[in-house]
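Biologist: Please take me through the terms used for this model, setting each value against its definition.

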There are 2 protein chains.
Amino acid sequence: MNIVVQKYGGSSVSSTEKIKLIAKNIIKRKNKNSKIVVVVSAMGDTTDDYIKLAKDITDTPSKRELDVLMSTGEMISASLLAMTLDSLGCSSISYSAYQLDIQTSGLHGKSHIDDINVEKIQRSLEQGKVVIVTGFQGVNDDGDITTLGRGGSDTSAVALAVKLNARCEIYTDVDGIYSTDPRKYKYARKLNEIEYEEMLELASLGAQVMHSRSIELAQKYDVEVYVGLTCSNIVGTYIRGGNNMKLEDKIITGIATSDDDVSITIKELCETQVCGLFEDIAIKGISVDMISQTAPINKRISVSFTIPKEELSECKSIVSRYSKDEDLVIDDNITKFSLVGLGMKNTAGVASKVFKIFKENNIKIKLITTSEIRITCAISYDDKQEAINRICKEFNL
Amino acid sequence: MNIVVQKYGGSSVSSTEKIKLIAKNIIKRKNKNSKIVVVVSAMGDTTDDYIKLAKDITDTPSKRELDVLMSTGEMISASLLAMTLDSLGCSSISYSAYQLDIQTSGLHGKSHIDDINVEKIQRSLEQGKVVIVTGFQGVNDDGDITTLGRGGSDTSAVALAVKLNARCEIYTDVDGIYSTDPRKYKYARKLNEIEYEEMLELASLGAQVMHSRSIELAQKYDVEVYVGLTCSNIVGTYIRGGNNMKLEDKIITGIATSDDDVSITIKELCETQVCGLFEDIAIKGISVDMISQTAPINKRISVSFTIPKEELSECKSIVSRYSKDEDLVIDDNITKFSLVGLGMKNTAGVASKVFKIFKENNIKIKLITTSEIRITCAISYDDKQEAINRICKEFNL
């Protein structure tokens with residue numbers, strides 16, 4: 001019998017009514033002769049509510065304790081889903097990270113899964129039960145509860161699929177992966193399939209359908225991941241390796257935008273200071289994204305970089321050790337705008353075409369970084385819609 | 001250095017503001033050269049909210065899963081308190097039942113603590129940390145999360161005090177133990193001290209200041225328990241053994257009332273049915289309290305008993321296997337009214353005095369049970385206030 005790992009996001013379990021809907025969906029699937037493992041996120045806005053609660057106490061809550069707080073969100077939705085399945089006559093059991101020994105390492109709030117003991121899951125599946133697992137969380141070597149970072153439930157689901165040699169299905173509130181966000185560009189096109197690498201770039205750039213680390217994991221173990229709309233017959237998108245793909249003759253596969261970052265520019269640094277600064281930031285586990293540095297003038301360097309908005313206050317306290325206030329510029333009016341496509345590898349002039357389009361439309365590029373298959377620009381938030389419209393039209397997305 | 005176990009109830013941690021208040025109180029106490037272990041309940045109405053959520057799904061939610069849901073309440077308040085202490089410069093750490101291996105046995109929702117591994121606590125105390133423990137919960141032999149029943153955090157606190165050889169302090173929203181509920185009888189008198197046995201009778205009869213099992217445990221290991229108002233200098237009540245007591249020359253120490261029960265009367269049962277009925281009820285873990293049975297007429301027996309209101313629907317489904325609807329009377333308009341006092345042991349005629357007072361005031365007794373130091377009557381809810389006033393006056397409480 002096939003094992004299927006299904007993951008339901010926060011919007012799919014945001015009320016007892018919605019939980020009843022997905023329970024019925026799970027039972028229907030189980031009756032088609034499958035063993036089902038369900039990974040759940042926290043209900044709706046629970047995570048945001050918890051962050052607000054913690055911020056009520058202090059701007060820099062203990063990260064160990066924040067993880068304890070966060071981890072309860074998935075325990076709540078897992079137990080409610082198990083109750084629902086049981087009440088519908090479908091035997092089920094919920095397991096938390098502790099019970100499955102989901103071993104993690106790394107910093108609180110951004111831990112990585114090292115291993116999962118799937119014995120209990122297999123035993124429960126043998127007993128005909130639907131197994132419900134709390135996503136997003138694990139336990140580290142000290143026995144402390146850890147979380148995997150925003151969207152980490154996707155990674156929990158893929159990791160379980162790897163360990164159980166199972167199919168992986170991610171159910172969410174969109175019906176698949178689009179070339180760009182359909183809420184922002186009405187002509188966006190849904191993709192039937194997408195290569196890991198492309199999806200990885202899109203995900204890490206703010207296409208918030210999936211947690212980027214979950215794609216890395218899927219790629220590493222070659223697990224096919226299906227992304228689709230919760231409780232729907234609409235066909236979604238398959239994320240798979242290149243060998244299985246009908247390679248499409250497109251330069252750009254998709255566009256992603258993100259408004260969650262802030263840029264910091266520091267003037268008048270010397271080279272050793274730059275090293276020290278980024279080292280200090282790394283120690284705190286703050287993920288720096290776009291970095292741009294000017295050539296030294298009189299041995300003084302200006303450097304710009306972006307970080308997630310929520311880490312600004314922590315980052316500021318580090319930066320203030322290296323720079324006076326007057327040499328510091330913080331810009332929170334930025335949108336990261338990225339074009340992604342495997343086809344870029346073999347096509348010259350994509351960047352210059354983007355520059356030209358932006359210039360013709362008076363869109364100012366504040367920062368730019370590139371990889372083999374990606375171009376990312378930081379632009380003003382106000383220019384976002386215009387940029388999406390122009391680029392989609394020009395590249396026929 | 002002395003170890004102090006402090007327990008704060010749900011009303012003391014019902015908001016981040018209140019958590020900040022108790023954090024300051026804890027720090028003040030720690031600075032007086034004590035090692036502090038704090039046991040917390042869930043914030044305010046969290047437990048009720050969870051029950052409502054579960055009942056939204058089904059009237060008889062899986063008890064295993066209900067325990068998972070419930071256990072998150074204390075994890076939330078424990079992590080928030082730890083964050084608060086840390087933000088005030090007081091190093092602290094929260095532990096859940098899993099992390100401390102709080103071993104329990106018995107049914108879900110009413111488990112008993114078998115043992116606690118206090119190594120982690122001792123290590124953290126040695127490091128100068130305030131240790132925060134989630135009350136009310138444990139883990140059973142199957143590795144499932146269990147809860148100890150309403151008010152179980154008191155029992156967690158006393159159990160920790162036993163294992164750590166510590167002082168035990170229960171902080172709540174009343175300033176001590178009263179001869180009767182001061183909200184119901186304005187002349188109620190606060191007791192400076194009370195004997196375990198008396199407190200036990202009062203607690204198990206609905207004086208909701210403390211979980212009755214916590215008193216049993218304190219009595220068994222002779223741990224003195226202090227009960228007082230959260231963040232206040234008002235002196236509360238010491239619960240201790242008879243040897244330390246100034247024995248008071250009173251027949252009745254206190255009165256307790258409870259409106260949480262419902263009485264079930266079944267007519268026309270035969271003797272074997274009565275046995276079977278109570279056996280079936282016991283298997284489901286429903287706690288039957290007052291039982292009254294009439295002498296057989298034509299070998300048929302009538303039997304009345306009370307159970308907690310929340311277990312009525314489960315109990316009904318058992319009763320319906322033994323009785324036709326027309327032979328069944330359910331009465332939810334009852335108040336359990338109890339008089340407790342060690343002095344009753346050596347004083348005759350207390351019951352007859354109670355009967356007389358009730359009769360003179362037209363208070364009908366529906367059911368009655370007695371022990372050596374207690375008399376409990378089930379009366380109409382509407383008669384409760386009158387009964388309290390009359391009995392307090394007559395017995396000079």
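Modeller: Asp222(B) is a suitable start, as a residue that counts as exposed.

Biologist: Why is Asp222(B) called exposed?

Modeller: Its relative accessibility is 52%, and the classes are buried under 20% relative accessible area, exposed over 50% and partly exposed in between, computed with a 1.4 Å probe on protein chains only. The value of 52% therefore places Asp222(B) in the exposed class. Asp222(B) lies in the loop between helix H8 (212-221) and strand E11 (225-229) of chain B, where helices (H or I, at least four residues) and strands (E, at least two) are DSSP runs numbered from the N terminus.

Biologist: On what conventions do these values rest?

Modeller: This is a predicted model, in which local features need pLDDT of at least 70 and side-chain atom pairs count only at pLDDT 80 or more, while totals for chains, interfaces and linings use all residues. Residues are numbered from 1 along each chain as its sequence is written, chains are lettered from A and ligands numbered from 1 in the order in which they are written, and side-chain values use heavy atoms, without hydrogens and water.

Biologist: What makes the phi of Asp222(B) worth a remark?

Modeller: Most residues other than glycine have a negative phi. In Asp222(B), which is not a glycine, phi is positive, near 50 degrees. Phe136(A) also has a positive phi, of about 75 degrees, without being a glycine. Phe136(A) is in the loop between strand E6 (130-134) and strand E7 (137-139) of chain A, and its relative accessible area of 10% makes it buried.

Biologist: How do you know that the residues annotated as "binding site" do not all gather at one spot?

Modeller: The annotation comes from an unreviewed UniProt entry and covers Lys7(A), Tyr8(A), Gly9(A), Gly10(A), Thr172(A), Asp173(A), Tyr178(A) and Arg183(A). These residues span 177 residues in sequence, and the farthest two C-alpha atoms are 23.0 Å apart, so they do not all gather at one spot. UniProt positions follow the numbering used here, feature names are shortened, and annotations may be inferred rather than shown by experiment.

Biologist: Which of the accessibility classes does Tyr8(A) fall into, and which does Arg183(A)?

Modeller: Tyr8(A) has 0% relative accessibility and therefore counts as buried, whereas Arg183(A), at 73%, counts as exposed. Tyr8(A) lies in strand E1 (residues 2-8) of chain A, and Arg183(A) in the loop between strand E9 (167-172) and strand E10 (193-195) of that chain. Beyond four places in sequence, Tyr8(A) touches residues including Val13(A), Ile22(A), Val39(A) and Tyr171(A); contact means heavy atoms within 4.5 Å.

Biologist: What makes the approach of Tyr8(A) to Gln6(A) a polar contact?

Modeller: The two side chains meet at 2.8 Å. A polar contact is a pair of N or O atoms within 3.5 Å; within protein, one must be able to donate a hydrogen and the other to accept it, and residues adjacent in sequence count only if both atoms are side-chain atoms. The distance of 2.8 Å is therefore within the limit. In Glu195(A), the side chain reaches the backbone nitrogen of Glu197(A) at 3.0 Å.

Biologist: Why is the pair of Phe278(B) and Phe305(B) called edge-to-face?

Modeller: By the ring rule, eleven aromatic pairs are counted over all chains. Phe278(B) and Phe305(B) have centres 5.2 Å apart and planes at 70 degrees. Rings of Phe, Tyr and Trp (its six-membered ring) pair if their centres lie within 6.5 Å, and planes under 30 degrees apart count as stacked, over 60 as edge-to-face and the rest as tilted, so the name follows. Phe278(B) lies in helix H9 (residues 271-283) of chain B and Phe305(B) in strand E16 of chain B, so the pair ties together parts that are 27 residues apart in sequence.

Biologist: How do you know that strands E14 and E16 of chain B pair?

Modeller: Two strands pair if DSSP finds at least two bridges between them. E14 (residues 261-269) and E16 (residues 301-308) of chain B share seven bridges in the antiparallel sense, so the condition is met. Thr265(B) stands opposite Ser304(B) in E16(B). E14(B) is also joined by four bridges to strand E17 (residues 328-331) of chain B, again antiparallel, with Ile266(B) opposite Leu328(B).
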